[in-house]
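Visitor: I'm new to this one and would like to learn how to read a few of its features. Could you walk me through them?

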Amino acid sequence: MKKLIWCLLIVGNHVCIAQEFWFWPEYVLNDKARNIPGNRLPLPLAPMPTVATEPLPLLFFGEEPTSRLRNLIQATKLPTESFTVELWISNHVNKPVGALVTVKPKFQAAEPEWLLGYFNRQVVYSLKTQKSVYAAVIDHHIKDRGFKKYWSHLVATYQNKKMSLYLNGVLIGEKEVGARAVQDPLQYELELAAYMREEPYMQFGNLVRMIKISDRALTLQQIKARYDELGSLVTKGVLYPGLFHFTAGPYLTHASQNSIDIVWETDRAADFEIWYGTKLPLDKRVEVKDVSSTTERSDKSFIYKTTLAGLAPETPYFYSIKATDRKGNTMESGVLTFATAVQDSSSFSFSIIGDTEARPHISDRTSKLIWGERPNFVLLVGDLTDGGFKDQKFEWNYEYFAGITQLASRVPVYPVAGNGEADLHWFNQYHPSIPKGGFYKFSYGNADFFMLNSNEEKEFAPGGAQYLWLEKELRASIAKWKFVAHHHAPYSADEDDYGDSWSGASQQGDVAIRKIVPLYEKYGVDMVFFGHLHTYQRTLPITRNNVHSSNGVVYIQTGGSGGNLEDFAPSRAWFSAKTFRGHHYCTITVNQGMLEFRMYDVEGKLKDFFNLNK
């Protein structure tokens with residue numbers, strides 16, 4: 001859906017007409033589970049004729065486009081003289097990716113009339129003019145990290161025979177080029193193209209968040225104001241300017257046999273009705289009122305939580321959130337689902353993921369595949385974000401929640417903090433059910449889960465706060481199965497995090513974290529899950545730093561749900577049972593004394609499995 005804005009910027013008698021498009025990907029489950037919570041601007045779509053020819057694609061830095069969107073604006077409605085083209089870009093992957101917007105011939109292998117593109121930190125702005133056979137070009141290599149490390153506001157303008165290129169409110173290139181070439185608009189079309197060969201699941205909107213085209217050249221002052229306006233949205237984690245919408249969730253956190261916690265965030269203060277029940281129409285209701293004033297909340301987030309209590313064990317439920325802001329604007333989450341925790345003697349299933357970080361397009365893959373398994377809950381072993389500290393809130397809204405909400409709105413997620421959110425600022429706010437220190441315990445079925453904050457590695461040593469807490473909890477546990485989750489690795493065959501194995505010896509894990517391992521062995525922990533390293537590894541059972549096939553702890557390194565992939569040491573580690581380099585997720589099914597473990601890649605292909613019996 002395009003957003004047509006009539007600007008109040010007037011030059012002489014001219015009123016500027018600008019068309020603005022937002023490209024947030026729609027990551028939703030399929031079929032009957034498909035749901036888009038709250039208000040959103042639909043993805044821009046061009047008219048789709050019944051039969052059409054496909055014009056020649058543009059090669060960009062030697063690559064063919066992985067996706068193309070044509071005729072978003074008819075060529076006859078594009079500016080013919082002065083213009084401004086804006087791209088709001090966030091590049092948070094370590095692979096060469098790119099995108100462009102251009103007006104080009106439909107059927108001829110000829111230069112575009114104009115083009116603004118980005119590829120691997122290289123910016124290109126080209127424009128055909130009457131006085132030259134070839135297009136004039138301004139190019140620029142982006143050296144600085146950008147706004148909040150990853151954001152670039154690219155602006156190309158043309159006016160009075162001059163083309164100008166701006167980056168984040170600064171003029172970086174300018175040329176006197178003469179009058180624009182006069183073209184027959186019926187022979188040209190607007191095209192948006194993505195170049196994502198190295199990131200096959202990435203969409204245009206994962207890189208280019210917004211495009212705006214207007215029929216006048218903005219001044220430097222106006223461009224700076226525009227940059228500040230867009231930067232303000234990022235700072236707040238807001239997706240759309242002026243639209244009442246969810247910026248996180250809704251998502252499920254702590255599920256017991258008789259209750260469940262629901263958390264969500266909106267772009268502004270609002271009041272809420274949460275409807276729920278075991279069948280439709282929903283017949284039970286709780287209210288959440290925001291009684292704070294605008295002044296009190298002007299520099300804060302709008303995160304809300306409710307607990308639905310008095311529920312029946314092992315029972316499916318439906319729920320829906322209705323929201324009303326201060327001006328009377330409304331939205332609804334749609335009808336979603338959850339189930340309470342199973343009885344202690346019942347079988348159950350859960351999934352394990354780690355290091356979702358900066359690739360919501362990978363979280364989208366794992367979320368859909370995990371949903372297909374219908375687990376009771378999900379463990380997330382840290383690095384929900386790549387660096388979602390206090391000043392990087394957008395990494396939660398634009399990356400973590402963007403990919404996982406489709407799953408987390410129906411299946412509870414139990415996380416631990418990684419180094420990506422080690423300050424716990426947003427981790428605590430988005431997970432109000434978790435104690436402020438970031439470590440906790442929960443029980444499910446016949447299992448106990450001990451969730452630790454390994455960012456505080458000193459607390460893993462004997463006498464440390466988490467060491468003492470864990471020993472107390474393990475000693476008191478009577479559960480048949482005991483699982484531990486934290487972010488950092490006690491054992492790992494990673495190539496260089498614990499010493500460069502290509503030039504010398506590796507410690508094969510974090511020795512500071514390994515200090516807590518004797519508790520795992522003393523109190524019969526069955527499996528330990530962690531991430532941090534962006535690969536998969538399963539160890540053989542380990543006791544006292546040796547393989548012990550009948551009485552040991554199995555360690556699962558599962559850091560492959562979105563982070564930049566890493567690799568293993570050149571030689572096999574003494575404890576290694578299986579290694580895999582690729583994005584992935586794990587599932588476990590427990591039935592009394594039987595446990596089945598599976599690991600799949602993001603194509604849904606089984607890559608590892610084993611069984612435990614006790």
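**A loop residue and the cavities**

Guide: Let's begin with one residue: Pro541 sits in the loop that runs between strand S29 (536–539) and strand S30 (542–543). Keep in mind that this is a predicted model.

Visitor: Which residues does Pro541 touch, leaving out those up to four places away in sequence?

Guide: For contacts, look for heavy atoms within 4.5 Å. Here Pro541 touches Asn546, Val547, His548, Ser549, Gly552, Val553 and Val554. As for Leu280, 261 residues from Pro541 along the chain, the C-alpha atoms of the two are separated by 48 Å.

Visitor: How many cavities of 30 Å³ or more turn up in the whole structure?

Guide: A cavity is a space where a 1.4 Å probe fits but cannot get out. The search finds three of 30 Å³ or more. The largest holds about 380 Å³ of space. It is lined by 28 residues, and those closest to its centre are Pro37, Arg40, Phe401, Ala402 and Thr405.

Visitor: Which element gives the most to the lining of the largest cavity?

Guide: That's H5, with six residues. Helix H5 spans 394–408, and strand S14 (246–255) also supplies at least two lining residues. Sorted by class, this lining has 15 nonpolar, nine polar and four charged residues.

Visitor: What volume does the second largest cavity have, and which residues line it?

Guide: Its volume is about 70 Å³. Among the residues lining the second largest cavity are Ser90, Asn91, His92, Met202, Arg209, His361 and Glu399. By class, its lining divides into four nonpolar, five polar and two charged residues.

Conventions:
Residues numbered from 1 in each chain as written. Predicted model: local features only at pLDDT ≥ 70, side-chain atom pairs only at ≥ 80, totals over all residues. Heavy atoms only, no water. 1 Å grid on protein atoms, 1.4 Å probe; cavity = no way out; pocket = protein on both sides within 12 Å on 5 of 7 lines; lining within 4 Å. Points joined across faces, edges and corners; volume = space filled by probe spheres on them. Helix = DSSP H or I, 4+ residues; strand = E, 2+ residues; numbered from the N terminus. Nonpolar A, V, L, I, M, F, W, Y, C, P; charged D, E, K, R; others polar.
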